[in-house]
Amino acid sequence: MEDSSMKIVIINGSARKGNTLTAIEAFVKGALEKNEIEVIEPDRLHIAPCKGCETCQCYKGCVDSDDTNPTIDKIAAADMILFATPVYWWGMSAQLKLIIDKCYCRGLQLKNKKVGVIIVGGSPIDSIQYELICKQFDCMASYLSWDMLFQKSYYANARDELAKNVNAMKELEEIGKKL
Ligand SMILES: Cc1cc2nc3c(=O)[nH]c(=O)nc-3n(C[C@H](O)[C@H](O)[C@H](O)COP(=O)(O)O)c2cc1C
């Protein structure tokens, strides 16, 4: 897809060493050779939820003096953002949504990014949750003129289940390699 190396930021929406991390690692295996990659683990950071104070005016950064600004700085500096999330209650996890909400503080500087989405849920792939989450990302992509490179959904419930899905592992590695 791309000739030159990219700065890729991956946001891991899962707190456990499970399927989302497995999916991320397969992608990284393919993408690492040509690209610079950083994985953000929201669960390990101290980030307060957006209070909607609007002080940021969508470009000034956040008034919170926690890990918000350094995290959003990394996202703003990236060529590509990979959003990876388990399905929680038919939606993305709170950990990922927290970061996305805080992206508002520099939203105007997040336009025209390349974007990928990985979703792992415990229900079969024809269930509505995958469609709902993909649609939400489609709306963000349209609003911020993102180039949506891929959206991939996988069915895996037990923590080690996705690792046993050879086709999924190959597919994600291949996606990373082709960037
Ligand atoms: C709080 C919670 C809510 C969940 N809600 C859903 C759901 O609505 N739909 C679904 O398909 N799976 C749901 N799951 C299952 C997870 O998406 C699934 O186990 C996934 O593989 C977890 O990814 P992880 O191993 O990366 O944490 C839920 C799991 C938890 C812990």
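The legends below describe close-up views of a predicted model.

**View 1. The ligand in its pocket.** In this predicted model, the ligand occupies the second largest pocket. The shell around the ligand is made up of 17 residues, and those that come nearest are Thr20, Val87, Gln129, Ala156 and Asn157. By residue class, the shell contains seven nonpolar residues, nine polar residues and one charged residue. Two elements, helix α1 (19-31) and strand β4 (114-121), each contribute at least two residues to this shell.

**View 2. Polar contacts of the ligand.** Oxygen atoms of the ligand lie close enough to Thr20, Val120 and Ala156 to form polar contacts. In the case of Thr20, a polar atom of the side chain is 2.6 Å from a ligand oxygen. Ala156 takes part through its backbone instead, with a polar atom 2.5 Å from an oxygen atom of the ligand. Val120 likewise uses a backbone N or O atom, at 3.4 Å from a ligand oxygen. On its own, the ligand has 640 Å² of accessible area, of which the protein covers 78%.

**View 3. An aromatic pair, Phe27 and Phe150.** The whole structure contains four aromatic pairs, among them that of Phe27 and Phe150. Two values describe a pair of aromatic rings: the distance between the centres and the angle between the planes. For Phe27 and Phe150, the ring centres are 5.9 Å apart and the planes meet at 40°, so the pair is classed as tilted. Planes under 30 degrees apart would count as stacked, and planes over 60 as edge-to-face. Phe27 belongs to helix α1, whereas Phe150 belongs to strand β5 (residues 147-155). With their positions 123 residues apart in the numbering, the two rings link distant parts of the chain.

How values were computed. Residues are numbered from 1 along each chain as its sequence is written. This is a predicted model: local features need pLDDT of at least 70, side-chain atom pairs count only at pLDDT 80 or more; totals for chains, interfaces and linings use all residues. Side-chain values use heavy atoms; hydrogens and water are left out. A residue is near a molecule or strand if one of its heavy atoms lies within 4 Å of it. A polar contact is a pair of N or O atoms within 3.5 Å; within protein, one must be able to donate a hydrogen and the other to accept it, and residues adjacent in sequence count only if both atoms are side-chain atoms. Accessible areas come from the Shrake-Rupley method with a 1.4 Å probe; for residues, only the protein chains shown count as cover. On a 1 Å grid over the protein atoms alone, a cavity is a set of points where a 1.4 Å probe fits but cannot get out, and a pocket is an open set with protein on both sides within 12 Å along at least five of seven lines; lining residues have an atom within 4 Å of a point. A molecule sits in a cavity or pocket if more than half of its atoms lie within 2 Å of its grid points. Helices (H or I, at least four residues) and strands (E, at least two) are DSSP runs, numbered from the N terminus. Ala, Val, Leu, Ile, Met, Phe, Trp, Tyr, Cys and Pro count as nonpolar, Asp, Glu, Lys and Arg as charged, and the others, Gly among them, as polar. Rings of Phe, Tyr and Trp (its six-membered ring) pair if their centres lie within 6.5 Å; planes under 30 degrees apart count as stacked, over 60 as edge-to-face and the rest as tilted.
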